[in-house]
Amino acid sequence: MDNINVNPLDNLVQDGGFVGIFRTIGCIGDSLSSGEFQSTKEDGKQGFHDMYEYSWGQYMAREAGCKVYNFSRGGMSARWFNDSFEKDCGIWSLEKKCQCYIIALGVNDVLNANQPIGEIGDCEKQDYRKDGSFTYAGEYETIINKIKAFQPKARIFLVTIPDNGPDSNPDRREKSARIAELLGEFCGKYEFTYLIDLFKHAPKFDNDYRNKYFLAGHMNPMGYMMIAKYVMTYMDYIIRNNMEDFKQVPFIGTPWHSDKAKW
């Protein structure tokens with residue numbers, strides 16, 4: 001799977017692929033995960049609308065036949081999630097407990113709010129949060145730890161920020177690359193945690209791509225559908241190349257397991 005010559009997105013799956021082994025999936029994210037559309041009134045005022053049925057998570061649900069929860073909102077950051085949104089969205093309620101979680105956060109934390117990226121293990125430092133030394137890494141890893149405590153055997157997929165291409169803002173591009181590196185480090189630290197590296201493998205979100213798949217500052221319906229295809233194809237690729245990790249998916253959240261497969 002680490003073959004640098006292989007692009008997991010070379011052949012997009014059309015039916016969800018092995019994503020269908022998950023019966024429940026939770027998507028933690030921002031506007032990209034919420035199917036947000038930007039409107040303009042006659043007076044020029046902008047409106048922002050989370051239309052969840054157009055989110056890539058719901059395209060995934062319809063294509064792969066699984067139940068997907070949107071634990072997302074436009075403008076969401078990892079810090080906002082930990083501060084209040086986790087309670088508002090009901091992610092920790094038993095009826096919304098999932099076998100799989102997909103986290104897609106970073107744009108609002110680092111690129112828009114200029115929060116320090118930090119490093120793996122920040123959340124474990126003494127008095128983290130109490131002294132106000134918030135970092136993206138610390139807040140993000142806090143979410144991972146909460147999922148691990150709530151659903152210990154859940155499979156977790158971390159989504160990197162897509163690359164806007166060589167002609168984009170170099171600072172934003174450099175930060176996006178560092179975020180991708182950090183999420184890869186999390187995957188190395190936590191069991192059953194996998195990287196969906198759209199920064200490396202998805203098409204560049206350059207002007208040509210945006211003309212096709214964007215509407216104002218957010219994606220259009222075709223764009224959200226394409227993200228769903230990228231995510232499902234990447235997950236299918238990961239599962240096909242780590243079959244032992246996914247044999248016991250039906251037992252996630254139950255008291256049962258098989259001693260003949262990796263748990």
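A salt bridge, as I shall use the term, is a side-chain nitrogen of Lys or Arg within 4 Å of a carboxyl oxygen of Asp or Glu. By that criterion, the structure before you holds 18 salt bridges. Please keep in mind that this is a predicted model.

Let me begin with Lys125. Asp122 forms a salt bridge with Lys125, and the closest N and O atoms of that pair are 3.0 Å apart. The side chain of Glu119 also meets Lys125 in a salt bridge, with an N to O distance of 3.8 Å. How accessible are the residues concerned? Asp122 counts as buried, because its relative accessibility is 4% and the limit for that class is under 20%. Glu119, at 44% relative accessibility, counts as partly exposed. Lys125, at 47%, is likewise classed as partly exposed.

I turn next to Arg129 and Glu139. Their side chains meet in a salt bridge of 2.8 Å, N to O. Arg129 lies in the loop between α3 and α4, the latter spanning residues 136–150, whereas Glu139 sits in helix α4 itself, so the pair ties together parts that are 10 residues apart in sequence. Arg129 is partly exposed, with 29% relative accessibility. Glu139 is buried, its relative accessible area being 0%. The two also belong to a network of salt bridges that links Arg79, Asp83, Arg129 and Glu139.

Which buried residue has no salt bridge, although Arg73 is its nearest side chain of opposite charge? That residue is Glu36, and Arg73 is 8.4 Å away from Glu36. Because a salt bridge requires nitrogen and oxygen within 4 Å, that separation does not qualify. Glu36 is nevertheless not without a polar partner: a polar contact of 3.3 Å joins its side chain to that of His218. In terms of secondary structure, Glu36 is found in strand β2, which covers residues 36–40.

Now to the largest pocket. Its volume is about 560 Å³. The lining is made up of 33 residues, and those that lie nearest the centre are Leu32, Val107, Ile161, Pro162 and Arg210. Several elements give two or more residues to this lining, namely α3 (107–112), α5 (170–189), α6 (198–201), β9 (218–219) and α8 (221–240). Which of them gives the most? It is α3, with four residues. As for chemical character, the lining divides into 17 nonpolar, 11 polar and five charged residues.

Finally, I would draw your attention to the backbone at two positions. Asn114 has a positive phi of about 55 degrees, although it is not a glycine. Asn114 is placed in the loop between α3 and α4. With a relative accessible area of 53%, Asn114 is exposed. Ala216, which is not a glycine either, has a positive phi of about 60 degrees. Ala216 lies in the loop between β8 (214–215) and β9. At 56% relative accessibility, Ala216 counts as exposed.

To close, I would leave you with three places to look at in the model. One is the network of salt bridges that includes Arg129 and Glu139. Another is Glu36, buried and without a salt bridge, yet in polar contact with His218. The last is the largest pocket, to whose lining α3 gives the most residues. Thank you for your attention.

Terms used:
Residues numbered from 1 in each chain as written. Predicted model: local features only at pLDDT ≥ 70, side-chain atom pairs only at ≥ 80, totals over all residues. Heavy atoms only, no water. 1 Å grid on protein atoms, 1.4 Å probe; cavity = no way out; pocket = protein on both sides within 12 Å on 5 of 7 lines; lining within 4 Å. Points joined across faces, edges and corners; volume = space filled by probe spheres on them. Nonpolar A, V, L, I, M, F, W, Y, C, P; charged D, E, K, R; others polar. Buried < 20%, exposed > 50% of the residue type's maximum accessible area, 1.4 Å probe, protein only. Lys, Arg positive; Asp, Glu negative; His and termini not counted. Polar contact = N/O pair within 3.5 Å; in protein donor to acceptor, adjacent residues only side chain to side chain.
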